Amino acid sequence: MNTYVYGIVSGGHPELPSGLAGVGDPPRPVRGVRAGELTALVSECPEGLRPRRRDLLAHQRVLTEVGQTRTVLPLRFGSVSAGEGDVREVLASRAEDYRERLRRLDGRTEYNVKAAHQEDLLLRQLLDEEPELRGMAAANRAAGGGSYEARLRTGERVAETVRDREERDARLITQTLSPLAEEHRMGPESGGWFVNLSLLVHRDDAEPLADAVAGLRSAHPRLDLRLNGPLPPYSFVEP
């Protein structure tokens with residue numbers, strides 16, 4: 001049976017959380033495979049493994065639980081070797097590279113911030129702040145809703161203004177939070193979020209980051225901000 005690899009830690013005999021279980025149904029027990037001063041976190045790889053939600057969460061749970069007490073170099077979901085012998089060979093052949101990556105991540109963790117707008121609050125704010133937009137809306141109301149062309153022009157102007165505000169708010173969020181991180185990377189927009197920001201943070205700086213996010217929410221109620229973490233630092237590990 002193939003060997004599934006979750007991540008790599010320093011040290012020969014890491015103490016893993018009791019009952020730590022990984023991918024599969026039933027979940028396969030997680031163990032360490034050592035080569036020199038590195039240990040890979042592995043389990044048996046079930047047949048037909050696919051990126052189902054259950055197994056994606058199991059992969060992340062292993063890395064998160066081990067990462068609570070030691071630095072883990074996370075591997076992406078689906079990292080599989082033919083057997084423990086192959087795992088040891090890779091650890092040995094790339095030992096210096098893995099040690100350097102672990103040194104860079106030592107004491108750090110990843111947080112992710114996603115941002116969207118509270119649409120009702122944003123629209124009210126835009127009407128307060130944008131005289132042209134306010135005038136167009138008022139003219140439509142005075143005309144009993146306005147013509148199709150007038151409503152279309154108003155809708156296009158609203159969409160343009162919203163895009164401008166998203167760009168401004170993305171800069172605001174990045175400029176506020178990135179100084180609290182050692183590295184930051186912007187992920188792709190998806191799922192209605194106009195900001196998808198990953199931050200590599202020293203564990204001691206996690207509370208200031210949470211405070212800064214709370215401060216943004218308080219000062220700018222139009223922002224719907226989601227802070228997720230601590231996470232395995234996937235975004236800061238080169239493939």
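Q: How are helices and strands assigned here, and which strand does T109 lie in?
A: Helices (H or I, at least four residues) and strands (E, at least two) are DSSP runs, numbered from the N terminus. T109 lies in strand β6, residues 108-117. This is a predicted model, where local features need pLDDT of at least 70, side-chain atom pairs count only at pLDDT 80 or more, and totals for chains, interfaces and linings use all residues. Residues are numbered from 1 along each chain as its sequence is written, and side-chain values use heavy atoms, leaving out hydrogens and water.

Q: Is T109 buried or exposed?
A: Buried means under 20% relative accessible area, exposed over 50%, partly exposed in between (1.4 Å probe, protein chains only). T109 comes out at 6%, so we call it buried.

Q: What does T109 touch?
A: Contact means heavy atoms within 4.5 Å. Skipping neighbours within four places in sequence, T109 is in contact with L199, L200, V201, R203, P230 and L231. With L231 there's also a polar side to it: a polar atom of the T109 side chain lies 3.1 Å from the backbone oxygen of L231.

Q: How many residues does the largest nonpolar core have?
A: A nonpolar core is a set of buried Ala, Val, Leu, Ile, Met, Phe, Trp, Tyr and Cys residues joined through side-chain atoms within 4.5 Å. The largest one here has 19 residues, and V113 and L199 are among those with the most contacts inside it. β6, α6 (148-177), β8 (195-202), α7 (206-219) and β9 (223-231) each supply at least two of its residues, with α7 giving the largest share, five.

Definitions and conventions. Polar contact = N/O pair within 3.5 Å; in protein donor to acceptor, adjacent residues only side chain to side chain.
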